[in-house]
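Let's take a walk through a structure together. Keep the viewer open and turn things around as you read.

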Amino acid sequence: MLTEKARMLRRDVFSMIHQCGDGHPGAALSITDMLAALYFHVMRVDPQNPEWPERDRFILSKGHGCPSYYAALARRGFFPVDWLPTLRKIGSPLQGHPVMKKTPGVDMTTGSLGHGIPIGAGMAAAGRLAKLDYYVYVITGDGELNEGILWEAVQSAAHMKLGRLIAFVDNNGWQSGGVIKDVSGLTNLAAPFAAFGWHTQEIDGHDFDQILTAIEKAKTETERPSVIVAHTIKGKGIPFTENDNSWHKRVPNKEELAAALQYLGGS
Amino acid sequence: MDKITAMDKIASTREAFIAGLMDMAPDDPKLCLVFADSLKAARATPFTEKYPGRWFDVGICEQNAVAFSAGLASTGLKPFFNTYAGFITMRACEQVRSFVAYPHLNVKFVGLNGGIYGGEREGVTHMVFEEFGILRSVAGMEIVVPADAGQVRKATRALAKREGPAYMRIGSGREPVIFDDSMDFEFGKARVLREYGADAAIFAVGPILKRAIIAAEMLAQEGIKTTLVEVHTLKPLDVDTIAGVLRKTRAAVTLEDHNINGGLGSAVAEVIAEREPATLVRLGLQDVFAESGDAELLFDRYSMGTPNVIEAVKQVIARKRK
């Protein structure tokens, strides 16, 4: 079921970016499976009541992956699917990067990198103060780990023992300028989190069993925040976009869209 | 009748902020405090002892503190983040703009050590005289600069009742007492404090208002009759009151503990350009950096002294009459 959901989201993503004429397909496609798992299996949300105080929260720290996020929210019922083609157009509730007060279901405005964990820590701390048992999920990019503010929050979230904060690192290995180890030198992404006192796991970010198991394991950690380093493939799910960084920011033409939809079992 | 004191006492704006918050905290459990290892600087112990759990210290990381506050506010809490003003408004400027102001979250920023008055001994890194300009250009951000401790306490209460992002500048804790306790604080209103006449207007903001009051009195003794206006809310600006005074005086001097670019002087210049033409001299830091030293002496050195106000008033009147 999750596999089919993810295929549907990937069809939406490619169609949206084609129609809009702008976007980041590679970065959207590497997180699709995690989003499908969160929104169609894990998260306690009520699409009819997106402001429900007891809901689980989600922050897409790598806001440029938002086509996948919007597709997941629409398919989960937060807003009509026919909003999707309006992405990045004037008057659309679907902004170029997520905006919490324009799009039902979006819990936090993001875009400028590095902010998901700091803001998520605030949400988790607020939940504890209010004695609510919601979880806060974040997906951050791997290139995004360059940002200093993220590590400020890694320190303070561990110090505050925010056990209900669960962050995924979408470790697709690429950033805008190329392979991460060439551009910024980051390797062994879990290690600094562990050093700051986080619970860490490494999984295949496209394997639903591993995603769900990792979340369950993270939930058993009540005294420390969790990071799940998800090894992913940029552009995952469409053969000609996988691991091709030219799709970091690129618009599929008609032929490419048709080929992708055919591969993903849609039309 | 006159609510201006002898101005020979000092009182702490930092303690006044915490007192104002504690006035509101019993009836509003959503109010909370965020620090960036600034709890002691904020003199916040009375609050943190009384309300354990309703404060968060993220350590020395202001960007994180602002983003964290945004997360708190997204759930309905009303965090007041308090640390050195420059570290909020410059170091964490993007977080203030993109994650608090843009989503219009209910986070209040309380910047201590604002202007020369705050950081006089620490030196320029711990002063800030740019933040009015920075924040005035952020959509939806409200900006309040009370003149003394009593006003800070009342302004804090007023801000606690308002929705959305706001910034309040406070000082070092050694600010002159300007008003007696009966002086109210009405958010968003500029107020005419002295109305000797319409030769010129003096607009002032913050504790440096003390110097404007003295200058206006001295000018009156010389027969030069000014209208003195305190503009404690820089945004939203009370354009109608300011324009109404300008219409009568057609000459104005602004005085602020800030760079002359971007703050009160610029705001009044905008009203002059758009509404009521007048001659203008802007007093403040003349696009230079200050230095360490006693605040009152620094004001004299950097052309914010009472004699500078007097001279500027004479200048704008002379230019008006040309």
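We'll start with a sheet in chain B, then visit a pair of helices in chain A, and finish where the two chains touch. One thing to keep in mind: this is a predicted model.

Find the sheet in chain B that has five strands in the order E9-E11-E10-E13-E14. The sheet is open, and its pairing is mixed. At its edges you'll see strand E9 (191–195) and strand E14 (279–285) of chain B, each of which pairs on one side only. Now look at how the strands sit relative to one another: ignoring direction, neighbouring strands of this sheet are turned by 20° against each other on average.

Let's zoom in on one pair. Strand E10 (residues 200–204) and strand E11 (residues 226–230) of chain B run parallel, and five bridges join them. If you'd like a spot to check this by eye, look for B:Ala200, which stands opposite B:Thr226 in E11(B).

The sheet has helices lying against it, too. Helix H9 (residues 209–221) of chain B packs on the sheet and touches E9, E10, E11 and strand E13 (251–259) of chain B. The direction of H9 makes about 170° with that of E11(B). Then there's helix H13 (residues 306–321) of chain B, which lies across E10, E11, E13 and E14 of chain B. Helix H13 runs at about 160° to E14(B).

Now hop over to chain A. How do helix H3 (residues 32–42) and helix H4 (residues 66–76) of chain A cross? Their axes come within 10 Å and cross at roughly 30°. Angles under 35 degrees count as roughly parallel, so H3(A) and H4(A) are roughly parallel to each other. The crossing of H3(A) past H4(A) is right-handed.

Which residues meet there? From H3(A) come A:Thr32, A:Leu35, A:Ala36, A:Tyr39 and A:Phe40, and they meet A:Ser68, A:Tyr69, A:Ala72 and A:Arg76 in H4(A). Sort the residues of this contact by class and you get six nonpolar, two polar and one charged.

Last stop: the place where the chains touch. Here 22 residues of chain B are in contact with 23 residues of chain A. On the chain B side, the elements that give two or more residues are helix H3 (62–74) and helix H5 (93–101) of chain B. H3(B) gives the most, with nine residues. By class, this side of chain B has eleven nonpolar, ten polar and one charged residues.

Terms used. Residues numbered from 1 in each chain as written. Chains lettered and ligands numbered in written order. Predicted model: local features only at pLDDT ≥ 70, side-chain atom pairs only at ≥ 80, totals over all residues. Contact = placed C-beta atoms within 7 Å. Helix = DSSP H or I, 4+ residues; strand = E, 2+ residues; numbered from the N terminus. Nonpolar A, V, L, I, M, F, W, Y, C, P; charged D, E, K, R; others polar. Pairing = 2+ DSSP bridges. Axes fitted to C-alpha atoms, helices over the stretch in contact; angles between N-to-C directions. Parallel < 35°, antiparallel > 145°, perpendicular 65-115°, else oblique. Left-handed = near helix turned anticlockwise from the far one by under 90°.
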